[in-house]
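Me: I would like to go through the ligand site in this structure. Please explain the terms along the way.

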Amino acid sequence: MQNSYKPLRIAGMGYSVPETIITNDDLTKLYDTSDEWIYTRTGIKERRIVSGNESAVDLGFIASQKAIEKAGMKVEDIDCIIAAASAPPQLYPSLACNIQARFGMANHVPAFDMTAACSGLIYSLQVARGLIGSGLYKNILLVAADNNSRLVDWNDRGTSILFGDGAGAMVVTEAEDGIDDVLSLDIRADGSIGQYIYMNMPGKNCPLVEPCDEVDSTIHMAGRDVYKFVVTTLPDFIDECIEESGMSADDIDYLIPHQANQRIIEAMQARLKYPDEKVISNIEYYGNTSAASIPIALVEGVEKGKIKLNSTALLCGFGAGMTWGAAVIRLREGIC
Ligand code: UT7
């Protein structure tokens, strides 16, 4: 039987990070830590964070403008927005609706958030594949944006050292030349280990009933558990994704992993036996920017000449949920 699924083209990408830089040395003013401890354990030297009223909406909007421009499209061409946000500035209106409003887009353009934490870009790419593949939508804007610095507990030195703020965006469209830019993609979740990384919503019961426990609404993370989970689960999963793409690991030009911890990136690199030049890491300068970390690393990698386009890349991400995902994609000339 002939496959009638429409192929997807990655048309344009962009990213945006705040101006304000917080170094590891700056963090020593907040708690007992050191540049040496943070850098050795994580590979992070500094991160960008929002200041004043700047938020993930501003970052996501700028990244989206760049992605639409690189796609050679106009705002009117976009017919759906999916935002991958871990914890947007407003739960509703969604981050996607906020960005739609900022563009002044027509109201026939649906806009919604999709929560898969740091795996969000890969998850949203899978959703977009379904929507474009079935012919429901043609040009979809995917935007991953978070202002983690507003969500961490700045007294918790085990968690707040890791995160930074940023946004990445990708415009995907139907590939009219019939060449699918997604060679393979798989997403997974295991809610039974959700306690490894969680963030509660604040809230109180109606005063007429028994009160619920008070919860704090900052990011909580069992760092060691996350680390162990990732290094034991992801390698086999990535192997399956590579096999599904019909390529061998050697044939894929770049590994662009979620930027969560340099030691995790190096564990993946060792497993794939990749030389340094095939592995894209910018965690040193941005920390963990959630779902935005992969698109930021990709676009910045191209800008800095670390990535040559007209190539292929293996993306892999993991995050709260726990969720994880991987994809082998084609990087066409001119996407960023
Ligand atoms: O997208 C989100 C994904 N999240 C991750 O990928 C997180 C993965 N995990 C990690 O990156 C690491 O677990 C961390 C970097 C978060 C922590 O490193 P660790 O080697 O697992 O440290 P630990 O939490 O086991 O703590 C070891 C010690 C503790 O002291 P004691 O109890 O042994 O005396 C901590 O209190 O290090 C202490 N510690 C610190 N010391 C100096 C924790 N944070 C700091 C700090 N500076 N910032």
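Me: Which residues come nearest to the ligand?

Reply: Of the 23 residues around the ligand, Thr33, Gly223, Arg224, Asn261 and Asn288 come nearest. A residue counts as near if one of its heavy atoms lies within 4 Å of the molecule. This is a predicted model, where local features need pLDDT of at least 70 and side-chain atom pairs pLDDT 80 or more, while totals for chains, interfaces and linings use all residues. Residues are numbered from 1 along each chain as its sequence is written, and side-chain values use heavy atoms, without hydrogens and water.

Me: What makes the pair between the side chain of Asn261 and the ligand a polar contact?

Reply: A polar contact is a pair of N or O atoms within 3.5 Å. An N or O atom in the side chain of Asn261 is 2.7 Å from an oxygen atom of the ligand, so the pair meets that definition. For Arg157, a polar side-chain atom lies 3.0 Å from a ligand oxygen atom.

Me: Why is the ligand said to lie between domain 1 and domain 2?

Reply: Domain 1 (2–174) and domain 2 (182–331) both give residues to the shell around the ligand, so the ligand lies between them. The domain bounds come from an automatic or database domain assignment.

Me: How many residues of each class does the shell around the ligand have?

Reply: The shell has 11 nonpolar, seven polar and five charged residues. Here Ala, Val, Leu, Ile, Met, Phe, Trp, Tyr, Cys and Pro count as nonpolar, Asp, Glu, Lys and Arg as charged, and the others, Gly among them, as polar.

Notes
A polar contact is a pair of N or O atoms within 3.5 Å; within protein, one must be able to donate a hydrogen and the other to accept it, and residues adjacent in sequence count only if both atoms are side-chain atoms.
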